[in-house]
Amino acid sequence: MRLIVQEDYQSLSEWIAYYVASRIKKASLSLSQPFILGLPTGSSPFGMYQCLIELYKKGIVSFENVITFNMDEYVGLPENHSQSYHYFMWNNFFDHINIKAENVNILNGNAKDLDAECERFETKIKTLGGIDLFLGGIGPDGHIAFNEPGSSLTSRTRVKTLTTDTIIANSRFFNSDINQVPQTALTVGVGTIMDAKEVLIMVNGHNKARALAQGIEGPVSQMWTISALQMHPNSIIVCDELACNELKVGTYRYFKDIEKKNLDYKTLLS
Ligand code: GLP
């Protein structure tokens, strides 16, 4: 696992956007197949999306040959609800780039048969040859996508009941009213994420510090689903200084040292 420590949220967002753009560009040179990108929502990826839109507008990256799969979606929220992940993705990203609408895949949280919807999603990912790069954030309890503590580390896309912790954390998007937050969601599983060729998780802010330390220094455990990344052959966590607060000094210095030549985002596209 790599850990890239960035100064603040802005440089974290730029680093990740440049990294994603470099991966898409590299794939477009060497492959005739589309690049398959897994995407998150939440406040953490917002800056990265802004930066990717700028890179697209400057002609540095194109999404013409990119197929996306989103990690998760609430159950029962209309797609045009301001807090649905459909709305978030179109409003904050897809509407501003040249992606083809048919290349966007977001779980349908209003499907009549939710289990069948999850199976369809998994099958489509497999049919396309798997996800090249899966991006994600984490919750303060270390969850990736909506894989709450206790989720099997081999889980696949499914319906998941949200924990009270997550409902409280996400109520900030629902007028701080926990009763407005959906109780269930569709989410890719930890196993679905682990099958990606590469996984990049972004972690910013002091409130994620404990989860970051557990993910990097703790044992692999279903109680901190982020820790599954320790078993992935090609995973990167990009964090900011605030999120490092609970890391051991030695861990922090070790990653700062071995990654010192890779911290400048501008080198990623050169
Ligand atoms: C939700 C999403 C996760 C996301 C997490 C953190 O629970 N399902 O995918 O990583 O929130 O969100 P934020 O980035 O807003 O802290």
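1. Ala, Val, Leu, Ile, Met, Phe, Trp, Tyr, Cys and Pro count here as nonpolar, Asp, Glu, Lys and Arg as charged, and the others, Gly among them, as polar. By that split, the ligand's shell has five nonpolar, six polar and three charged residues.

2. Quick caveat: this is a predicted model, where local features need pLDDT of at least 70 and side-chain atom pairs count only at pLDDT 80 or more, while totals for chains, interfaces and linings use all residues. Residues are numbered from 1 along each chain as its sequence is written, and side-chain values use heavy atoms, with hydrogens and water left out.

3. Around the ligand you'll find 14 residues (a heavy atom within 4 Å). The closest are Ser43, Ser44, Asp72, His143 and Lys208.

4. On polar contacts (N or O pairs within 3.5 Å), the side chain of Ser43 has an N or O atom 2.7 Å from a ligand oxygen. For Asp72, a side-chain N or O atom is 2.7 Å from a ligand nitrogen. Ala145 uses a backbone N or O atom, 3.2 Å from a nitrogen of the ligand.

5. Now the salt bridges (a side-chain nitrogen of Lys or Arg within 4 Å of a carboxyl oxygen of Asp or Glu): the structure holds nine. One of them joins Lys126 and Glu122, with the closest N and O atoms 3.9 Å apart.

Technical notes:
Polar contact = N/O pair within 3.5 Å; in protein donor to acceptor, adjacent residues only side chain to side chain.
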